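Could you walk me through this structure in the viewer, one selection at a time? I would like to know what to pick next and what I will find there.

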Amino acid sequence: MSKLHVTTSINGDETEFLCEPDQTLLEVLRDELELTGSKEGCGTGDCGACSVTVDGRLVCSCLMLAAEAEGHEIGTIEGMANGEELHPLQQKFLEHAALQCGICTPGFLIAAKALLERNPDPTETEVRYWLAGNLCRCTGYDKIIRAVLDAAQEMREAS
Ligand code: FES
Ligand code: FES
């Protein structure tokens, strides 16, 4: 099968890659582009560990073909920190100990960032609903929710 040539933007950098027509975006990110922050938990759209943004919309990269990235802007966990400076969500996840094994964490962070860009002042219920597509086997969720609410408050105060 001949490979497809794709031109896209990943975390603000114009990026080109070759992929098989049936390769998922998650596979290309991890296996071809060495962006291994996005995780494969289920591969079927059920866990959110592979979450990325496409033109600002939250997407499971295990469900999207890499070829569909053509002409779009992809955001991954690797683009979240500003150099050495962590995003407030990353900082609050650390402060609240909102991670244990860490497999789910990139997906939660990407999803939470997408939420706060739409709704900078979410209620706890809104955070819980928004993150319902992200599964964690370790933390029990409460610390994650507290971290997101705390980050939201800090970001509002800083803006
Ligand atoms: S790996 Fe994509 S949703 Fe689980
Ligand atoms: S920290 Fe282990 S799955 Fe969430």
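**Stop one: a buried asparagine**

Start by selecting Asn134, whose side chain reaches the backbone oxygen of Gly107 at 3.3 Å. Bear in mind as you go that this is a predicted model. A second polar contact links the Asn134 side chain to the backbone oxygen of Gly48, also at 3.3 Å. Zoom out a little and you will see that Asn134 sits in the loop between helix H4 (124-130) and H5.

Is Asn134 buried or exposed? Its relative accessibility is 4%, so Asn134 counts as buried, the cut-off being under 20%. Now show its surroundings: leaving out residues up to four places away in sequence, Asn134 touches Cys47, Gly48, Ser51, Gly107, Phe108, Ala111 and Tyr141.

**Stop two: H3 against H5**

Phe108, just met as a neighbour of Asn134, leads on to a helix pair. Select helix H3 (residues 105-118) together with H5; the two pack at an angle of about 40°, with their axes 11 Å apart. H3 and H5 are therefore oblique to each other, and the crossing is right-handed. To see the contact, show Phe108, Ala112 and Leu116 on the H3 side, and Ile144, Val148, Ala152 and Met155 on the H5 side. By residue class, this contact has seven nonpolar, no polar and no charged residues.

**Stop three: H2 joins in**

Keep H3 on screen and add H2. The axes of H2 and H3 come within 10 Å and cross at roughly 130°, which makes H2 oblique to H3. Here too the crossing is right-handed. Leu89, Gln90 and Phe93 of H2 meet Thr105, Phe108, Leu109, Ala112, Lys113 and Leu116 of H3. These residues divide into six nonpolar, two polar and one charged.

Next, swap H3 for helix H5 (residues 142-158). The axes of H2 and H5 come within 8 Å, crossing at roughly 135°. H2 and H5 are therefore oblique to each other, in a right-handed crossing. Which residues should you display? From H2, take Pro88, Leu89, Lys92 and Phe93; from H5, take Ile144, Ala147, Val148, Asp150, Ala151, Glu154 and Met155. The contact of H2 with H5 comprises eight nonpolar, no polar and three charged residues.

**Stop four: the loop before H2**

Now move to His87, in the loop between strand S5 (73-75) and helix H2 (88-95). What does the side chain of His87 reach? You will find the backbone nitrogen of Leu89 at 2.9 Å. With a relative accessibility of 12%, His87 counts as buried. Setting aside residues up to four places away in sequence, the contacts of His87 are Met80, Ala81, Lys113 and Met155. Two of these names may be familiar: Lys113 appeared in the contact of H3 with H2, and Met155 in the contact of H5 with H2.

**Last stop: Leu86**

Finish by selecting Leu86, in the loop between S5 and H2. At 33% relative accessibility, Leu86 counts as partly exposed. Leaving out residues up to four places away in sequence, Leu86 touches Ala81, Gln91 and Leu94; Ala81 was also among the contacts of His87. For a final distance, draw a line from the C-alpha of Leu86 to that of Glu68: these residues lie 18 apart in sequence and 30 Å apart in space.

Definitions and conventions
Residues numbered from 1 in each chain as written. Chains lettered and ligands numbered in written order. Predicted model: local features only at pLDDT ≥ 70, side-chain atom pairs only at ≥ 80, totals over all residues. Heavy atoms only, no water. Helix = DSSP H or I, 4+ residues; strand = E, 2+ residues; numbered from the N terminus. Buried < 20%, exposed > 50% of the residue type's maximum accessible area, 1.4 Å probe, protein only. Polar contact = N/O pair within 3.5 Å; in protein donor to acceptor, adjacent residues only side chain to side chain. Contact = heavy atoms within 4.5 Å. Axes fitted to C-alpha atoms, helices over the stretch in contact; angles between N-to-C directions. Parallel < 35°, antiparallel > 145°, perpendicular 65-115°, else oblique. Left-handed = near helix turned anticlockwise from the far one by under 90°. Nonpolar A, V, L, I, M, F, W, Y, C, P; charged D, E, K, R; others polar.
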